[in-house]
Amino acid sequence: MKYYFEDFIETNYKGILEKLIQQGYQFIGFDYEIINSGTKFVLWRHDVDHSLNRAYRLAEIEEEFGIKATYFIHIQSGFYNVFEPDQYEILCRIIDKGHTVGLHFDHGFYTKSRHLINNDEIEKCAIIEKEMLEKYFNIKINAVSFHNPEASNVLNLKQGYYAGMVNAYSKIIGDKCKYCSDSNGYWRYDRLLDVIENDYDRLHILTHPVWWVPYEMSPYERIKRCTDGRRNSVIKRYCDILEQSARENIGYGQENSEVQY
Ligand SMILES: [Zn+2]
């Protein structure tokens, strides 16, 4: 299998947006009125599983092209925390660029960690998450996408709305649009460039920002780049706090490289 690492670089991302614009696609949000309207469109969706910093970079590129996308936020992510100050600010800046925020809902968290079995009860938890993000960021959330839908066993939840939000996995969207996803950092089914060549009338494209980087890397290297960046910024925060409060940073610069963090 060819993995096309060269596809997942920022210059190619720009090329993809350019092609879609040239082919007359409108970048629309998750709104059934437009989805059903006969417009030639692309639902440009980002499930932010790992990196809000990478999401911001894509938001910047999209802004250069005058494009709006929908960023689905995962509040149980083990890779970023949207409620911590730096990340909070990054999401605010994405919102300020005119992009839309959706809820990336981790149904599996509620069945596995919270041991809930009743689907209605889990749907109420999605409403709580939606309202948390709405209140915290002073926004409206109208769309939801399921995190890891296969593993969470939610592929059967195909109703138009879930927890009062447009369901990105609804039957309507599934039937109307050609779908393409970059899950796991490669093209498991269709290569996006081939999908665009085919000039379908309606597209639903899912990307995960962590996979799109400045230069060619394997998916593992892209994840490592993201987690190393986070680790460095956390350590820097610790050092900065000590420096600002004129406290001694004992052991700084004398790290034992064998110490396992
Ligand atoms: Zn996800």
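**Strands, helices and core of the predicted model**

Phenylalanine 72 stands opposite glycine 102 of strand S4, and this pair offers a starting point for describing the structure, which is a predicted model. The two residues belong to a pairing in which strand S3 (residues 70-73) and S4 run parallel and are joined by 4 bridges. On its other pairing, S4 is linked to S5 by 3 bridges, again in the parallel sense, and here phenylalanine 105 has phenylalanine 146 of S5 opposite to it.

Strand S4 (residues 100-105) is mostly covered, with 6 of its 6 residues buried. In a regular strand, side chains point alternately to the two faces of the sheet. In S4 both of these faces are covered, since Thr100, Gly102 and His104 on one side are buried, as are Val101, Leu103 and Phe105 on the other.

The connection between S3 and S4 involves helix H4, and the three elements together make a right-handed β-α-β unit. Helix H4, residues 85-96, contains 12 residues and reaches 16 Å from its first C-alpha to its last, which is close to the 16 Å expected at 1.5 Å a residue. After H4 comes glycine 98, which has a positive phi near 95°. A second right-handed β-α-β unit is made by S8, H8 and S9. In this unit, strand S8 (residues 178-181) and strand S9 (residues 202-207) are paired in parallel over 4 bridges, and serine 181 has leucine 206 of S9 as its bridge partner.

Nonpolar side chains tend to be buried together in soluble globular proteins. In this model the largest nonpolar core has 55 residues, of which Val42, Ala55, Tyr71, Ile73, Leu103 and Val144 touch the most other members. For isoleucine 73, the contacts beyond four places in sequence are Val48, Val82, Leu91, Val101, Leu103, His104 and Leu133. Among these contacts are Val101, Leu103 and His104, which are also buried residues of S4.

Helix H1 (residues 10-22) has 13 residues and spans 18 Å between its first and last C-alpha atoms, close to the 18 Å expected at 1.5 Å a residue. Its buried residues are Tyr13, Leu17 and Leu20. These three lie on the same side of H1, because they cover an arc of only 65° around the axis. Thr11, Glu18 and Gln22, in contrast, are exposed on the other side of the helix. The buried residues of H1 pack against three elements, namely strand S2 (41-48), helix H3 (52-64) and helix H8 (192-197). H1 is followed by glycine 24, and the phi of this glycine is positive, near 85°.

Within helix H3 lies leucine 58, which counts as buried because 24 C-beta neighbours are found inside 10 Å. Leaving aside residues up to four places away in sequence, leucine 58 touches Tyr13, His46, Pro209 and Trp212, and of these Tyr13 is one of the buried residues of H1. Leucine 58 and phenylalanine 146 are 88 residues apart in sequence, and their C-alpha atoms are 21 Å apart in space.

Glycine 174, located in helix H7 (residues 171-176), has 14 C-beta neighbours inside 10 Å and therefore counts as partly exposed. Apart from residues up to four places away in sequence, glycine 174 touches Lys158 and Tyr169. A separation of 26 Å is found between the C-alpha atoms of glycine 174 and glycine 15, which are 159 residues apart along the chain.

Positive phi values also occur in residues other than glycine. Asparagine 148, which is not a glycine, has a positive phi of about 50° and lies in the loop between strand S5 (143-146) and strand S6 (161-162). This asparagine counts as partly exposed, because 17 C-beta neighbours lie inside 10 Å. Alanine 246 likewise has a positive phi, near 55°, and is found in the segment after helix H9 (219-244). With 6 other C-beta atoms within 10 Å, alanine 246 is exposed.

Methods:
Residues numbered from 1 in each chain as written. Predicted model: local features only at pLDDT ≥ 70, side-chain atom pairs only at ≥ 80, totals over all residues. Expected span 1.5 Å × (residues − 1). Buried ≥ 20, exposed ≤ 12 C-beta atoms within 10 Å, placed from the backbone. Arc of directions from axis to C-beta. Contact = placed C-beta atoms within 7 Å. Pairing = 2+ DSSP bridges. Right-handed = clockwise from strand over helix to strand, strands pointing away. Core = buried A, V, L, I, M, F, W, Y, C linked by C-beta atoms within 7 Å.
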